[in-house]
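Student: I have not looked at this structure before. Could you take me through it by question and answer?

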Amino acid sequence: MSSEVILIVEDEVDILNLLQYTFENEGFVTHGFVNGEEALEQAADIGPDIIVLDLMLPGMDGLKVCHRLKTKTRTRDIPLIMLTAKSEVEDRITGLEHGADDYLSKPFSPRELVLRVKGLLRRKGQIQNEASHWQSEGLSVDFDSFLVKTDKEEVSLTSTEFNILSSLIRSRGRVLNREQLLDQVWGYDFEGYARTVDTHMHRLRHKLGAYGDWIETVRGIGYRFKPKNLPSGSNQSNAET
Ligand code: CA
């Protein structure tokens, strides 16, 4: 694998240096920033494979930076891990609601962050390798270009939302429990998972509009993707490609 590029935003210089050192030892090319504005200005030009973003930053805070990155075409598909302060549970949830793909609370070991980063990158790579296109009724998903359309309108999904949708579609008709989703989307299991999955699922359903109903909640177990409003049996043979 060629060198992956990581962009790290962390105002505490000691931590930033440690993280850059750690990732460089792992073969990454690193770009470090101590403030969010500068990182935002350069992120699209650098085109990193992944972004690590501290929540507590002077000036523009991490949530705002995350939101901006996730709403710009050139940066929205870049996986992003947010670093949050210990015990600020609401911060983590808020970060995920702003489009962060994962979070890690401080203090953490650099090794732990490396594992998270590799997990996200691996998941992204797997999806790119399973190149194909899926369509049923007015919902179409291009796994190559990460393009999702509902009734020919492009839907803007975060990479995590896209990964969840992809996992559900690839397992359509079957129930996926939250652990399976976590494993497929994040590449690992972690505590507090249920609410994380549910938060992303809620946003994904909302963005899919009427097609959000195709994601069924299977009470006490997980989720199932099931296209509806089709003559029985026709969607499997005709509509899917
Ligand atoms: Ca900070």
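Student: Is Asp 11 buried, partly exposed or exposed?
Tutor: This is a predicted model, and the classes follow from relative accessible area. Buried means under 20% and exposed means over 50%. Asp 11 has a relative accessible area of 26%, so Asp 11 is partly exposed.

Student: And is Asp 54 buried or exposed?
Tutor: The cut-off for buried is under 20% relative accessible area. Asp 54 has 3%, so Asp 54 is buried.

Student: Which residues coordinate the calcium ion?
Tutor: The donor residues are spaced D-x42-D-x1-M in sequence. The distances are 2.1 to 2.3 Å, and the donors are Asp 11 (OD), Asp 54 (OD) and Met 56 (O).

Student: How many residues apart in sequence are the parts that Asp 11 and Asp 54 tie together?
Tutor: Asp 11 lies in the loop between β1 (5-9) and α1 (13-25). Asp 54 lies in strand β3 (residues 50-54), so the pair ties together parts whose separation in sequence is 43 residues.

Student: Which residues of β1 are buried on each side?
Tutor: Five of the five residues of β1 are buried. Both faces of the strand are covered. On one side the buried residues are Val 5, Leu 7 and Val 9, and on the other they are Ile 6 and Ile 8.

Student: Which residue in β2 stands opposite Leu 7?
Tutor: β1 and strand β2 (residues 29-33) run parallel and are joined by five bridges. Opposite Leu 7 in β2 stands His 31.

Student: Is the crossover from β1 to β2 right-handed or left-handed?
Tutor: The chain leaves β1, passes through α1 and reaches β2. This β-α-β crossover is right-handed.

Student: What is the bridge partner of Ile 6 in β3?
Tutor: β1 and β3 run parallel, with four bridges between them. In β3 the partner of Ile 6 is Ile 50.

Student: Which helix supplies the largest share of the largest nonpolar core?
Tutor: That core has 27 residues, and those with the most contacts inside it are Val 148, Leu 165, Met 201 and Phe 225. At least two residues each come from β7 (139-142), α6 (159-170), α7 (178-185), α8 (193-207) and β12 (222-225). The largest share is five residues, and it comes from α6.

Student: How many residues are in the second, separate core?
Tutor: This core includes Leu 7, Leu 40, Leu 69 and Met 82. Its size is 19 residues.

Student: Does Arg 76 count as buried or exposed?
Tutor: Arg 76 is found in the loop between α3 (62-71) and β4 (80-84). Beyond four places in sequence, its contacts are Leu 69, Lys 70, Thr 71, Glu 154, Ser 156 and Ser 159. Its relative accessibility is 14%, and the cut-off is under 20%, so Arg 76 counts as buried.

Student: What kind of aromatic pair do Phe 23 and Phe 28 form?
Tutor: Both Phe 23 and Phe 28 are buried. Their ring centres are 5.1 Å apart and the planes are at 85°. Planes over 60 degrees apart count as edge-to-face, so this pair is edge-to-face.

Student: Which residues do ring pairs link into a cluster?
Tutor: Tyr 211 and Trp 214 form an edge-to-face pair, 4.9 Å centre to centre. Tyr 211 counts as buried at 11% relative accessibility, and Trp 214 does at 3%. Phe 225 touches residues including Trp 134 and Trp 214. The cluster consists of Trp 134, Tyr 211, Trp 214 and Phe 225.

Methods. Residues numbered from 1 in each chain as written. Predicted model: local features only at pLDDT ≥ 70, side-chain atom pairs only at ≥ 80, totals over all residues. Heavy atoms only, no water. Core = buried A, V, L, I, M, F, W, Y, C linked by side-chain atoms within 4.5 Å. Buried < 20%, exposed > 50% of the residue type's maximum accessible area, 1.4 Å probe, protein only. Contact = heavy atoms within 4.5 Å. Donors = N, O, S within 2.8 Å, 3.2 Å for Na, K, Ca; no water. Pairing = 2+ DSSP bridges. Right-handed = clockwise from strand over helix to strand, strands pointing away. Phe/Tyr/Trp six-rings, centres within 6.5 Å; stacked < 30°, edge-to-face > 60°.
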